[in-house]
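Q: I am new to reading protein structures and would like to learn how to go from one residue to the whole chain. Could we look at the picture together and take the features one at a time?

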Amino acid sequence: IEIGVADNSLLADAETVAWRALGIASGATVDLAVFGAAGVVSLGTALPGDGQIVWDTTGLGEGRYELRATVVGGDGVEIALAMRTVFVQRAAATHSGRIDADETWAAGVVHVIDGDVLVTGGAHVTMEPGAIVKIVPGKRLVVDDGAALAAEGTADAHIVFTSFADDAAGGDTNLDGVRSRPGYGDWPGVT
């Protein structure tokens, strides 16, 4: 089974969750649930093998959750399980996808790149002095030819590009306490 939510995604509001269970037997269904510190929240049971729902995360507290999709056979026996770790975090500004118009990323807000970002089409992204940008492992920031990234800090207000796991810059954005530490290679850089 595949879940259409990337591992380590940062969620804030209504999120689309898609799944696909390939090659399942007739009569098999999918159960979708979220596991967190406060317990289990069912997102749906006996769902079709291929589908999507909109998950309203606003009812959850901020924190780390495990999204599980379980394929259940017609006889009630679990056939397959897929899991994704997700984070509900409303204080950070998230960025992913194409940027084709000018943007300014403000200071005083932690910016999280939780999906590949491509600055293209002559767009200019400006980082204000003091901005903090955290990048989820495996994600990247790419600036195409003709586009620009302006990141000019000051002596008193540095601009920080760092790992999503870095609690020293901007606090514990991944909401895992001291369980993770930033490491070399957490993110591939800015290209």
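Q: Is Ala82 buried or exposed in this model?

A: This is a predicted model, and a residue is called buried when its relative accessible area is under 20%. Ala82 has a relative accessible area of 8%, so Ala82 counts as buried. Ala82 is found in strand β8.

Q: Which residues does Ala82 touch, not counting residues up to four places away in sequence?

A: Ala82 touches Ile1, Ile3, Leu67, Arg68 and Ala69. For a pair with a wide gap in space, take Ala82 and His124, which are 42 residues apart along the chain and have C-alpha atoms separated by 39 Å.

Q: Where is the place of Ile3, and what is Ile3 in contact with beyond its neighbours within four places in sequence?

A: Ile3 has its place in strand β1, which covers residues 2-3, and with 6% relative accessibility Ile3 counts as buried. Leaving aside those sequence neighbours, the contacts of Ile3 include Val17, Ala18 and Trp19, and also Leu67, Ala69, Ala82, Met83 and Arg84. Ile3 and Gly51 are 48 residues apart along the chain, and their C-alpha atoms are separated by 10.0 Å.

Q: How should I read a residue in a loop, for instance Gly138, and is Gly138 buried or exposed?

A: The loop that holds Gly138 runs between β13 (132-135) and β14 (141-143). The relative accessible area of Gly138 is 55%, and because exposed means over 50%, Gly138 is exposed. Gly138 nevertheless touches Asp116, Asp186 and Pro188, not counting residues up to four places away in sequence. The C-alpha atoms of Gly138 and Trp187 are separated by 5.3 Å, with their positions 49 residues apart along the chain.

Q: What is there to notice about the phi of Ala46?

A: Start from the general rule: most residues other than glycine have a negative phi. The phi of Ala46 is near 55°, a positive value in a residue other than glycine. Ala46 lies in strand β5, residues 39-47, and Ala46 is exposed, with a relative accessible area of 54%.

Q: How many aromatic pairs are there, and how are the rings arranged?

A: The count comes to one aromatic pair. This pair is formed by Phe87 and Phe164, with 5.6 Å from centre to centre and 75° between the planes; because planes over 60 degrees apart count as edge-to-face, the pair is described as edge-to-face. The pair links distant parts of the chain, with Phe87 in strand β8 (residues 78-88) and Phe164 in the segment after β16 (160-163), 77 residues apart. Phe87 is buried, at a relative accessible area of 2%, and Phe164 is buried too, at 3%.

Q: Which residue lies over the face of Phe35?

A: Arg68 lies over the face of Phe35, at 3.7 Å from the ring centre.

Q: What do the values for the whole protein add to this?

A: The protein has zero helices and 16 strands, and its C-alpha trace spans about 65 × 35 × 30 Å along the principal axes. Of the 191 residues, 39% count as buried. Among the contacts with a separation of 6 or more, 57% come from residues 24 or more positions apart. The accessible surface is about 9,600 Å², and 49% of it belongs to carbon and sulfur atoms. There are 11 positive and 26 negative side chains, and the centres of the two sets lie 6 Å apart.

Methods. Residues numbered from 1 in each chain as written. Predicted model: local features only at pLDDT ≥ 70, side-chain atom pairs only at ≥ 80, totals over all residues. Heavy atoms only, no water. Phe/Tyr/Trp six-rings, centres within 6.5 Å; stacked < 30°, edge-to-face > 60°. Helix = DSSP H or I, 4+ residues; strand = E, 2+ residues; numbered from the N terminus. Buried < 20%, exposed > 50% of the residue type's maximum accessible area, 1.4 Å probe, protein only. Lys NZ or Arg CZ within 6 Å of the ring centre and 35° of its normal. Contact = heavy atoms within 4.5 Å. Areas by Shrake-Rupley, 256 points an atom, 1.4 Å probe, with all protein chains shown as cover. Lys, Arg positive; Asp, Glu negative; His and termini not counted. Charge placed at Lys NZ, Arg CZ, Asp CG, Glu CD.
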